[in-house]
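Let's take a look at the pockets of this protein and at what lines them.

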Amino acid sequence: MLPVTVTALVFKFMYADNGIINTILLNLHLIKEPLGWLLDGKMAMVGLIIANSWVGIPFNMLLLTTGLNEIPAEIYEASSIDGANKIQQLFRLTIPLLKQTILSALVLGFVLTFKVFDLVYVMTGGGPVDSTEVLSTYSYKLSFQMFHFGEGAAVANVLFVCLLAVALVYLHVSSSEE
């Protein structure tokens with residue numbers, strides 16, 4: 001639950017040549033030389049995904065915990081009296097009752113991941129060689145580094161349309177459930 005910028009800086013230092021991750025891997029003799037986590041395009045994207053997961057997991061766990069707390073205990077008592085075991089309770093009670101919460105967590109996670117800017121900007125700046133460039137950082141680069149404001153606005157509009165499509169799908173799915 002740290003601010004994303006702090007998390008990005010922590011992961012940037014952990015991924016450094018003399019950072020904790022390379023040190024542990026070297027001491028365990030899993031690698032022979034430090035990995036360039038943020039210097040190689042594929043490794044940089046993996047590093048960003050790990051850091052973004054670290055940011056998103058507490059938020060999703062809060063949503064799911066709240067959803068679990070809203071399920072009445074009487075439902076589980078009644079199902080156990082009817083002979084349901086824990087696995088049946090999970091698949092026939094818990095998951096269906098958490099469906100809206102899970103759907104909300106998925107959509108919010110998708111939207112927050114899709115519009116991630118600060119994590120990418122602080123850790124890699126979109127590099128190396130634009131391998132970690134996302135729409136939000138590309139829009140920023142076009143608008144405020146290259147001064148192509150129209151193109152930057154167009155990229156921001158593409159981002160908006162993508163997120164609008166996700167929101168419309170969510171509204172359709174949630175309204176069809178009711």
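What follows is a short tour of two pockets in a predicted model.

Start with the largest pocket, which has a volume of about 500 Å³. Its lining is made up of 24 residues, and if you want to find the middle of it, look for V4, N52, V55, G56 and L112, which lie nearest the centre. Four helices each put at least two residues into this lining: α1 (4-14), α3 (41-69), α6 (99-114) and α7 (118-123). The largest share belongs to α3, with nine residues. As for chemistry, the lining of the largest pocket splits into 15 nonpolar, seven polar and two charged residues.

Now for the second largest pocket, at about 170 Å³. Its lining runs through M45, L48, I49, N52, T113, F114, V116, L119, V120, V134 and L135. Here α3, α6 and α7 are the elements that give two or more residues. Once again α3 turns up in front: four residues of this lining come from α3, the most from any element. By class, the lining of the second largest pocket holds nine nonpolar and two polar residues, with no charged ones.

Here are the two pockets side by side:

| Pocket | Volume | Residues from α3 | Lining by class |
|---|---|---|---|
| Largest pocket | about 500 Å³ | nine residues | 15 nonpolar, seven polar, two charged |
| Second largest pocket | about 170 Å³ | four residues | nine nonpolar, two polar, no charged |

One residue to pick out on screen is N52: it is among those nearest the centre of the largest pocket, and N52 also lines the second largest pocket.

Technical notes: Residues numbered from 1 in each chain as written. Predicted model: local features only at pLDDT ≥ 70, side-chain atom pairs only at ≥ 80, totals over all residues. Heavy atoms only, no water. 1 Å grid on protein atoms, 1.4 Å probe; cavity = no way out; pocket = protein on both sides within 12 Å on 5 of 7 lines; lining within 4 Å. Points joined across faces, edges and corners; volume = space filled by probe spheres on them. Nonpolar A, V, L, I, M, F, W, Y, C, P; charged D, E, K, R; others polar.
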